Every structure is written in C-alpha cells, then in structure tokens.
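Here's a quick briefing to read alongside the model. Have the viewer open and follow along.

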Amino acid sequence: MQSTRWRQAVEWLAAAAKDPRQCKREWDHGTGTALLAAGRYWDVLSVPDRLGLLALDLLWSDPLKVSGPTLVDVMARRVGFFLPPDPSGQWVGFGVRHVSRGSWVAVPPPYRPTGRLEWLVPPDGTGTLHCPTTLEQALRTATGTLAVLTPPGPEPTEPDGW
C-alpha cells in the first residue's frame with residue numbers, strides 16, 4: 001500500500017513538469033530536484049519559516065483540517081504551502097509570496113529530502129491541497145502569536161528564496 005501511495009505522489013507531482021519522465025530521472029539519478037510549473041495543478045504560498053511552521057502546527061491541531069503538501073527550504077528559511085491555482089489570488093503580508101502561473105518551483109521527490117529542500121507534508125498522490133481559507137486563518141493566528149512573542153526591534157530583512 002505504501003509503495004502505491006508513493007508512486008501516486010510521484011506521478012501527481014511529475015505531471016506538473018514539462019517532461020514528466022525527465023523529472024523522475026532527475027529525482028532518481030540527477031540533482032534530486034526538478035523544476036515544476038506552478039499555476040496549472042497548484043500554486044505555492046511561500047512564507048518565512050517561523051510563520052509557516054507555526055501555521056502548520058495550528059493546522060495539525062485540528063484533525064478535520066486536512067493539510068496539503070508543504071515544503072521547506074531550510075537554507076532560505078521558507079515554508080511553501082501547496083494550494084489550488086488562483087491567478088487572481090491576493091496574499092498580503094511581510095515576506096509572503098504567491099507563486100502561480102508563469103513561475104517554477106524546485107521540488108524534491110516526495111519520498112526523500114534533497115539538499116536544502118524537504119517535505120514537511122509530502123503529497124499523498126490524491127491531489128489534496130491546502131484549503132486557502134483554512135490556511136489564511138492559520139496564518140493570521142500565527143501572525144498574531146508571533147507579534148506577541150517577538151520583541152520590538154529593527155525591521156527584519158527578507159531572506160533569499162521563493
């Protein structure tokens with residue numbers, strides 16, 4: 001059962017590649033990452049890691065809120081939430097980036113981390129994505145929590161990455 005699930009996840013992710021076969025070869029024999037097109041099957045909402053990890057923790061606290069694929073870039077200190085494509089989506093916040101049609105996302109295979117990229121929640125192969133409304137609420141709550149926990153000081157700088 002587990003290998004079927006991973007196979008489905010690989011096929012689901014690779015479908016977003018220009019050449020799905022080449023994508024799978026790259027995962028297995030190349031650099032281990034592939035560039036996948038955003039905006040067709042999914043968009044990615046990229047946020048600073050502290051915000052993203054806290055929001056993901058809030059999502060996990062409610063078993064009825066199914067979490068979609070979530071990727072972390074440990075070097076850029078960013079968390080990427082995969083959600084339904086929405087070319088007119090308006091996501092606002094410090095360090096928040098909405099990656100959609102016309103953009104590419106570096107993605108490791110769903111079955112292992114690669115370099116700086118790692119799945120916090122790997123895709124399950126069914127196409128399950130984060131619900132934008134639920135994710136927005138978790139991000140708002142996490143932002144409020146971080147505002148209370150973070151002492152006042154100089155404005156943080158934005159890290160490189162997505």
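What follows is a short tour of one sheet, its central players and some charged contacts.

Keep in mind that this is a predicted model. The main feature here is an open sheet of five strands, ordered β5-β2-β4-β3-β7 with antiparallel pairing. Strand β4, covering residues 78–83, is mostly covered, with six of its six residues buried. On the charged side, the count comes to four salt bridges, and three of them get a closer look below.

**The sheet as a whole**

- Reading across the sheet, the order is β5-β2-β4-β3-β7, and the edge strands are β5 (97–99) and β7 (117–121), each of which pairs on one side only.
- Neighbouring strands of this sheet are turned by 25° against each other on average, if you ignore direction.
- Helix α3 (residues 49–60) packs on the sheet and touches β2, β3, β4 and β7. The direction of α3 makes about 45° with that of β4.

**Strand β4 and its two neighbours**

- Which way do the β4 side chains go? R78, G80 and F82 point one way, while V79, F81 and L83 point the other way.
- That fits a simple rule: in a regular strand, side chains alternate between the two faces of the sheet.
- Both sets are buried, the R78, G80 and F82 set as well as the V79, F81 and L83 set.
- On one flank, β4 pairs with strand β2 (residues 43–48) in the antiparallel sense, over six bridges.
- Within that pairing, D43 stands opposite L83, and V44 stands opposite F82.
- Strand β3 (residues 70–73) also runs antiparallel to β4, and four bridges join the two. One handy landmark is L71, whose bridge partner in β4 is G80.
- The hairpin of β3 and β4 has four residues between the strands, and R77 there takes a positive phi near 55°.

**Salt bridge R77–D49**

- R77 shows up again here: its side chain meets that of D49 in a salt bridge (3.3 Å, N to O).
- R77 sits in the loop between β3 and β4 and D49 in helix α3, so this pair ties together parts that are 28 residues apart in sequence.
- Are the two partners buried or exposed? R77 counts as partly exposed at 46% relative accessibility, whereas D49 counts as buried because its value is 17% and the cut-off for buried is under 20%.

**Salt bridge D73–R116**

- The side chains of D73 and R116 meet in a salt bridge at 2.8 Å, N to O.
- This pair links distant parts of the chain: D73 is in strand β3 and R116 in the loop between β6 (104–107) and β7, 43 residues apart.
- D73 is buried, with a relative accessible area of 6%, while R116 is partly exposed at 39%.

**Salt bridge E11–K24**

- This one joins two helices: E11 belongs to helix α1 (residues 2–14) and K24 to helix α2 (residues 20–29), with the pair 13 residues apart.
- The side chains of E11 and K24 meet at 2.8 Å, N to O.
- E11 is partly exposed, with a relative accessible area of 43%.
- K24 comes in at 21% relative accessibility and so counts as partly exposed, since buried means under 20%.

Terms used
Residues are numbered from 1 along each chain as its sequence is written. This is a predicted model: local features need pLDDT of at least 70, side-chain atom pairs count only at pLDDT 80 or more; totals for chains, interfaces and linings use all residues. Side-chain values use heavy atoms; hydrogens and water are left out. Buried means under 20% relative accessible area, exposed over 50%, partly exposed in between (1.4 Å probe, protein chains only). Two strands pair if DSSP finds at least two bridges between them. Axes are lines fitted to C-alpha atoms, for helices over the stretch in contact, and angles run from 0 to 180 degrees between N-to-C directions. Contact means heavy atoms within 4.5 Å.
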